[in-house]
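User: Could you take a close look at one part of this structure for me and tell me how it sits among its surroundings? A connected walk-through would be great.

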Amino acid sequence: MAIAHEFAGTEPAAHVPHTYRGDHLLVAGMVEPGSRVLDVGCGDGDLLRLLEARGVDGRGIELSREGVNRCVAKGLAVIQGDADTDLADYPDDAFDYVILSQTLQATRQPRVVLEHMLRIGRHGIVSFPNFGHWRMRLQLLLKGQMPRTEGLPATWYDTANIHFCTIKDFVQLCDEVDARMDRAVALNTWGTPLRFNAPWWFWNLFGEQGVFLLSRAGKAR
Amino acid sequence: MVNLYPVPSQRADVQERVREADHPSSHVVTFGADQPLQLDCGIALSPFQIAYQTYGELNAERTNAILICHALTGDQHVANTHPVTGKGGWWDTLVGPGLPIDTDRYFVICSNVIGGCMGSSGPFSTNPQTGQVWGLDFPFITIPDMVRAQAMLIDHLGIETLFCVAGGSMGGMQVLQWASAYPQRVFSALPVACSTRHSAQNIAFHEVGRQAVMADPEWKGGRYFAEGTRPRRGLAVARMAAHITYLSDPALHRKFGRRLQDREVPTFSFDADFEVESYLRHQGSSFVERFDANSYLYLTRAMDYLDLAADHDGVLAEAFRNTRTRFCVVSFTSDWLFPTTESRAIVHALNAGGARVSFAEIETDKGHDAFLLDVPEFFDIVRAFLDSGGAARGLIRKG
């Protein structure tokens, strides 16, 4: 499927402000309108808002009280909760999609969270910053310090992102948890997708973010 | 020593209060012998009456009604001057034109609960069978009984589905009971600072209050109205104890600290040396002017008996199974009477049932009372929740 198709479905409705982040538009484009979605780590609710504007029945979990209250004040159905502990309470196939938008790298047990995601949702969508990007590699190589970028400005000791990975690492994890990659996109610094047919090493070097649409590989496990 | 509870003419005072209980300064609907209220205790209460206030206009489609459920010592006077105290309504910062519960947009109803003392049938009303005040002959009531009576009022007003049912504390308990018992009649629900069951600690505090009332010799075994007395001291002590549970340690400390009341040094007496003592005494003595002691006993008992999970084989999620109601659960960080863990249990149950639920815990040091106070973050959430529900219900155009 060509990249052009990925954006075909994300054409914002007239009343939606055009300030959505590139990765949010891409994630929203992967969701079938009218489906039930759980956004784990929904932050200020920008993605949920975009999804609701597209006719999606969205729910959110957010760790920070401030984030939750801002979401609820936007009229979104969001509750305070922790991806590491609360996903276990959700029944199988409770949602059509479970989204981890810039969340996975902030969890204590990314693999367990990913497995719950695949269990609770028929589909999973994961977006994360790629630590294999050339600027990260260059900073570590030349400065010998943990990389910091505009997108990830926190120092190593106060960042919420405790489990960074590269696109290559994530592909490997998907294999380990039996996740099927239905779609994979790498975004550059400006939030636009890289060439679709580029090889993995190219994405891993030039993609600043990875966005993956997943589902369970086997019906029964 | 100062007498905190001056008693000028008790008999005249009692008669005046009974007048408000029987002929309140509110709308009243009386349900006759053909429409008894079937109570959980097994008795069919008939006839009975409900006193209620309304604000705003019901739209032609009858879809914009919000029912507000009041707390233990609240009443139907949400947003108007109180006929007894002359003070503003208990939620007049939240309910009114342009306010979060916008009476320009919604038709707001609030009724005095069954068992109350402001015009709905209760222990201080006149028993039509005897012509005497009910007193302890009034049947025991429960939270589901209160809600059943409200549903009859809503029927009487010709409203099929409520746009929202909202309330805090005992009011929030009624909201949850509404959503559980009449899911198809509740489009959205806003339970605030509440729980689906009373904890042992909650029951314990209520028991202290009840014992204080009953230990007052002027309670006269519950027949004080006939003797022309009122258990003012007992009820005031009950209120003082309860009032502490509505606040928080930091709030009390911030408000009063260890400051002395109108004096430089302690008096070495049991006079109200400390500001906090003076404050509590004032809370107690002003409360007895507007509330009936037996009503306090009945309503605290009703709260104690609530346990929604127990009504559904111990599984709370079953109380909200397949609900289509939109929920917004709100708790306050410093509320130790109905702590956040209670609200979280509600949210878990609703989630398990697939309900559309929002949950916000609001940071404040004002304790349980926060739901009645000016907490801007709470107001924003109420407004946004109603706005999004209003858009989904077609009451507000999406903009």
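Analyst: Happy to! Let's start with the side chains of β8(B), in what is a predicted model. Phe107(B), Ile109(B) and Ser111(B) lie on one side of the strand and Val108(B) and Cys110(B) on the other, and all of these residues are buried, so both faces of β8(B) are covered. The split into two sets follows a familiar pattern: side chains in a regular strand alternate between the two faces of the sheet. Counted over the whole element, which runs through residues 107-111 of chain B, 5 of 5 residues are buried. Here, buried means that under 20% of the relative accessible area remains.

Next come the neighbours along the backbone. With β4 of chain B (residues 48-55), β8(B) pairs in the antiparallel sense, over 4 bridges. Within β8(B), Cys110(B) is the residue that stands opposite Gln53(B). A parallel pairing joins β8(B) to β5 of chain B, residues 65-69, and this one also has 4 bridges. There, Val108(B) of β8(B) is the bridge partner of Ile66(B).

For some wider context, here is chain A. Chain A contains 9 helices and 7 strands, and its C-alpha trace spans about 45 × 40 × 40 Å along the principal axes. Its radius of gyration is 17 Å, which agrees with the value near 17 Å for a compact globule of 221 residues. Buried residues account for 53% of chain A. Of the contacts in chain A between residues at least 6 apart in sequence, 66% join residues at least 24 apart.

Notes: Residues are numbered from 1 along each chain as its sequence is written. Chains are lettered from A and ligands numbered from 1 in the order in which they are written. This is a predicted model: local features need pLDDT of at least 70, side-chain atom pairs count only at pLDDT 80 or more; totals for chains, interfaces and linings use all residues. Side-chain values use heavy atoms; hydrogens and water are left out. Helices (H or I, at least four residues) and strands (E, at least two) are DSSP runs, numbered from the N terminus. The radius of gyration is taken over C-alpha atoms; the globule rule is 2.2 Å times the number of residues to the power 0.38. Buried means under 20% relative accessible area, exposed over 50%, partly exposed in between (1.4 Å probe, protein chains only). Contact means heavy atoms within 4.5 Å. Two strands pair if DSSP finds at least two bridges between them.
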